[in-house]
Amino acid sequence: MLNSSSLSHTMGGIGPCCSTLPSRSNPRTSWLTLRTVPHRRTYPGKQVLQRKVGIKAEINFVNAEEAKKLIAVDGYVIVDVRDKSQFDRAHIKSCYHVPLFIENQDNDLGTIIKRTVHNNFSGLFFGLPFTKPNPEFVQSVKAQLSPQSKLLLVCQEGLRSTAAADKLDKAGFENIACITSGLQSVKPGTFESVGSTELQDAGKAGLVTIQGKISAVLGTVLICAYLFITLFPEQAEKLLQMAPTS
């Protein structure tokens, strides 16, 4: 029989412990967690230790081709977390749309000032909407999909999908994957898409979308002018003489 001191020594040797080992099935997506903790119930002269085994999920980052296999073979469903404007320009067919950020239409003074500055710069040049975090994001996903669902989260650059995956992981979803670098890295034709543009171009809006066209037109004009001056110098000189002077 163990007395109180020997029992204390024995328990000190065992002690509460916790170790984490990579799961053999998919070391990139999950970790096997072993935890030994003292059980609250006791028997005469003994304290029972209970070992708990659980699975801790991790985000699986994949490229576009690997993502296609997850959908076709493993039954992953696509959750698009981009804002509505990008989603409307192009999205993967038959996906769920649950935006991580929503348009900020608040009318307090601070928000009005920030929205005005944003719309005159980022909104004008890059077509980015003025947004705020979606407070119902996790609840919206849970309302449509169970925590046991296999989720492929997508956004345009890969940042929002990573943030969304962290939120859903903490909410109990165990099978989560993201496309590395987002839809901007997806080649045309990889997925069946819906919208007016390619998936990789859905993030382009505002004045930057016409910058390339303007540069091409100006470049063409300059080349033609150079060739005209080179091939027809006399006519070019006459034209220059006809130009009004200040």
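Contact in this tour means heavy atoms within 4.5 Å. The model is predicted: local features need pLDDT of at least 70, side-chain atom pairs count only at pLDDT 80 or more, and totals for chains, interfaces and linings use all residues. Residues are numbered from 1 along each chain as its sequence is written, and side-chain values use heavy atoms, with hydrogens and water left out.

**Whole chain.** Begin by displaying the entire protein chain, which has nine helices and twelve strands; these are DSSP runs numbered from the N terminus, helices being H or I of at least four residues and strands E of at least two. Of its 246 residues, 27% are buried, where buried means under 20% relative accessible area, exposed over 50%, and partly exposed in between (1.4 Å probe, protein chains only). Among contacts between residues at least 6 apart in sequence, 62% join residues at least 24 apart.

**The sheet.** Next, select strands 4, 11, 10, 5 and 7, which in that order form an open sheet with parallel pairing. Strand 4 (60-62) and strand 7 (96-97) are at the edges with a single partner strand each, so one side of each has no neighbour in the sheet. Two strands pair if DSSP finds at least two bridges between them. Now narrow the selection to residues 77-80 and 150-154: strand 5 and strand 10 run parallel there, joined by four bridges. Within this pair, I78 has L152 in strand 10 as its bridge partner.

**Across the sheet.** Add residues 64-72, which are helix 2; this helix lies across strands 4, 5, 10 and 11, at about 120° to strand 4. Axes here are lines fitted to C-alpha atoms, for helices over the stretch in contact, and angles run from 0 to 180 degrees between N-to-C directions.

**A loop residue.** Which residues does Q184 contact, leaving aside its neighbours within four places in sequence? Select Q184 in the loop between strand 11 and strand 12 (193-195), then show Q156, E157 and Q200, the residues in contact with Q184. With 42% relative accessibility, Q184 counts as partly exposed. A distance between C-alpha atoms can be drawn from Q184 to K204, 20 residues apart along the chain; the separation is 9.8 Å.

**Helix 4.** Finally, select V117, located in helix 4 (residues 109-120). V117 counts as partly exposed because its relative accessibility is 47%.
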